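User: I should like to go through this structure by question and answer, beginning with its aromatic residues. Please keep each reply short and end it on the value or name requested.

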Amino acid sequence: MAATAAEPATTEPACGLDGLRVLHQDHDYIVVDKHWDVRIDSKMWYETHTVQTQLRQRFPELADPDTYYGFRFCHQLDFSTSGALCVALNKAAAGRAYRCFKDRTVTKAYLALLRGWVDEETSTLNFSIGKNSTEGKTHMMCIEGTEGCENPKPCQTEVTVLEYGTYDGDPVTKVLLQPLTGRTHQLRVHSSAMGHPIVGDVTYSSGVDDAPYRMMLHAHFLHIPLEPQPLHVAAGDPFLPAVDPKWLPQRSLRPVEGTVEAILGRRTEELERQRREEEAEREAREEGMRRRKGRRGQRSEEEEEEERMKCQQWLSEWAGD
């Protein structure tokens with residue numbers, strides 16, 4: 001089924017259940033452009049404005065009675081993050097998408113505005129992230145070495161600078177963030193750890209950055225290598241002066257579309273190289289097993305021949321006696 005045209009990005013809060021923006025729809029998946037102030041789902045009776053309720057309103061015939069929320073969300077986006085969100089329409093489709101996420105073959109890219117001007121045009125962030133056990137911060141994550149950081153795990157984020165400019169008069173950098181791992185709040189924690197928190201991220205600015213109307217983090221691109229046809233969706237760019245006049249670009253380094261294409265190209269080559277290496281390792285293991293089996297068979301024949309010779313010798317000696 002053809003995708004429904006998405007409405008333009010807006011600085012206005014979500015209003016009602018009719019504002020669902022659909023980026024892609026087929027028999028197995030729907031990809032929506034989640035609004036920046038709508039939760040994916042909620043167990044709280046008073047939180048009725050969610051993506052789940054929007055989907056039920058828009059596509060009641062597609063709701064799955066075997067699931068708690070009626071729809072199978074393939075991944076998560078924070079409440080204050082907008083952008084591409086994939087929903088599976090049946091158990092088999094959810095399983096195929098889950099394997100792609102589990103095997104880390106999915107390519108995701110987020111647009112963000114960061115406080116200050118990021119010096120390095122491209123960089124890789126490798127801060128390990130764990131749960132913050134500090135009283136009053138248990139809803140937060142933190143980097144390894146921080147007081148109260150529990151069970152930190154390795155995390156990687158690629159950062160590519162797109163533009164330098166100002167937001168409401170303060171210096172900011174527009175970047176493309178590519179998470180190579182999937183830790184909770186990874187992009188927010190990594191951005192803060194590098195000294196350039198995301199504009200409007202109240203949580204990881206200790207409540208200081210509360211002036212902007214939203215947190216400036218947007219899931220711009222999603223590529224899931226499904227068979228036989230990959231799912232490939234872009235959710236537009238909400239960080240444009242035409243959308244939010246407070247954002248004023250001053251110097252552009254590279255376009256969003258070309259940067260995403262380059263990332264996907266590199267990612268595809270990397271996954272193909274990994275596939276070839278895994279295939280070679282598998283073939284080497286199978287060859288090793290065949291050789292060991294052959295040697296075991298050869299030893300067995302030799303042992304049988306040795307046993308036969310001993311038997312003949314014993315019979316010869318017994319007959320002689």
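User: How many aromatic pairs does the structure hold?
Analyst: This is a predicted model, and its rings were examined for pairing. A pair of aromatic rings is described by the distance of the centres and the angle of the planes. The number of aromatic pairs in the structure is two.

User: What is the geometry of the pair formed by tryptophan 36 and tyrosine 213?
Analyst: The ring centres of tryptophan 36 and tyrosine 213 are 5.2 Å apart. The angle between their planes is 75°, and the cut-off for this class is over 60 degrees. The geometry is therefore edge-to-face.

User: How many residues apart are tryptophan 36 and tyrosine 213?
Analyst: Tryptophan 36 belongs to the loop between strand E2 (29-34) and helix H1 (51-58). Tyrosine 213 belongs to the loop between helix H3 (186-193) and strand E12 (217-224). The pair thus links distant parts of the chain, and the separation is 177 residues.

User: Is tyrosine 213 buried or partly exposed?
Analyst: Buried means under 20% relative accessible area. Tryptophan 36, at 9%, counts as buried. Tyrosine 213 has a relative accessible area of 25%, so this residue is partly exposed.

User: Which parts of the chain does the pair of tryptophan 117 and tyrosine 164 tie together?
Analyst: Tryptophan 117 and tyrosine 164 form an edge-to-face pair, with 6.2 Å centre to centre and 65° between the planes. Their positions are 47 residues apart in sequence. The parts tied together are the loop between strand E5 (107-115) and strand E6 (122-125), which holds tryptophan 117, and, holding tyrosine 164, strand E10.

User: Is tyrosine 164 buried or partly exposed?
Analyst: Tryptophan 117 is partly exposed, at 42% relative accessibility. For tyrosine 164 the relative accessible area is 8%. Because the limit for burial is under 20%, tyrosine 164 is buried.

User: Over which ring does the charged end of arginine 39 sit?
Analyst: Arginine 39 is placed in the loop between E2 and H1 and is partly exposed, at 35% relative accessible area. Beyond its neighbours within four places in sequence, arginine 39 contacts Glu47, His49, Thr50, Val51 and Phe79. Its charged end lies 4.5 Å from the centre of the ring in question, that of phenylalanine 79.

User: In E10, which residue is the bridge partner of leucine 125?
Analyst: Side chains alternate along E6: Ser123 and Leu125 point to one face and are buried, whereas Thr122 and Thr124 point to the other and are not. E6 pairs with E10 in the antiparallel sense over four bridges. The bridge partner of leucine 125 in E10 is threonine 157.

User: How many disulfides does the structure hold?
Analyst: The sulfur of cysteine 100 is 9.6 Å from the closest cysteine sulfur, that of cysteine 74, which is too far for a bond. For cysteine 142, the nearest cysteine sulfur is that of cysteine 149, 3.3 Å away; the cut-off is 2.5 Å, and cysteine 142 is therefore in no disulfide. The number of disulfides is zero.

User: Which element gives the most residues to the largest nonpolar core?
Analyst: In soluble globular proteins, nonpolar side chains tend to be buried together. Here the largest nonpolar core has 46 residues, of which Leu55, Leu177 and Leu217 touch the most other members. Elements giving two or more residues to this core include E2, H1, E10 and E12. The element that gives the most, with six residues, is E5.

User: How many residues of H3 are buried?
Analyst: The buried residues are Gln186, Leu187, Arg188, Val189, His190 and Ser191. H3 has eight residues and is largely enclosed by the rest of the structure, because the number buried is six.

User: What is the relative accessibility of glutamine 186?
Analyst: Glutamine 186 is found in helix H3. Apart from its neighbours within four places in sequence, its contacts are Ile129, Cys155, Gln156, Thr157, Pro179, Leu180 and Thr181. Glutamine 186 counts as buried because its relative accessibility is 3%.

Technical notes. Residues numbered from 1 in each chain as written. Predicted model: local features only at pLDDT ≥ 70, side-chain atom pairs only at ≥ 80, totals over all residues. Heavy atoms only, no water. Phe/Tyr/Trp six-rings, centres within 6.5 Å; stacked < 30°, edge-to-face > 60°. Buried < 20%, exposed > 50% of the residue type's maximum accessible area, 1.4 Å probe, protein only. Lys NZ or Arg CZ within 6 Å of the ring centre and 35° of its normal. Pairing = 2+ DSSP bridges. Core = buried A, V, L, I, M, F, W, Y, C linked by side-chain atoms within 4.5 Å. Contact = heavy atoms within 4.5 Å.
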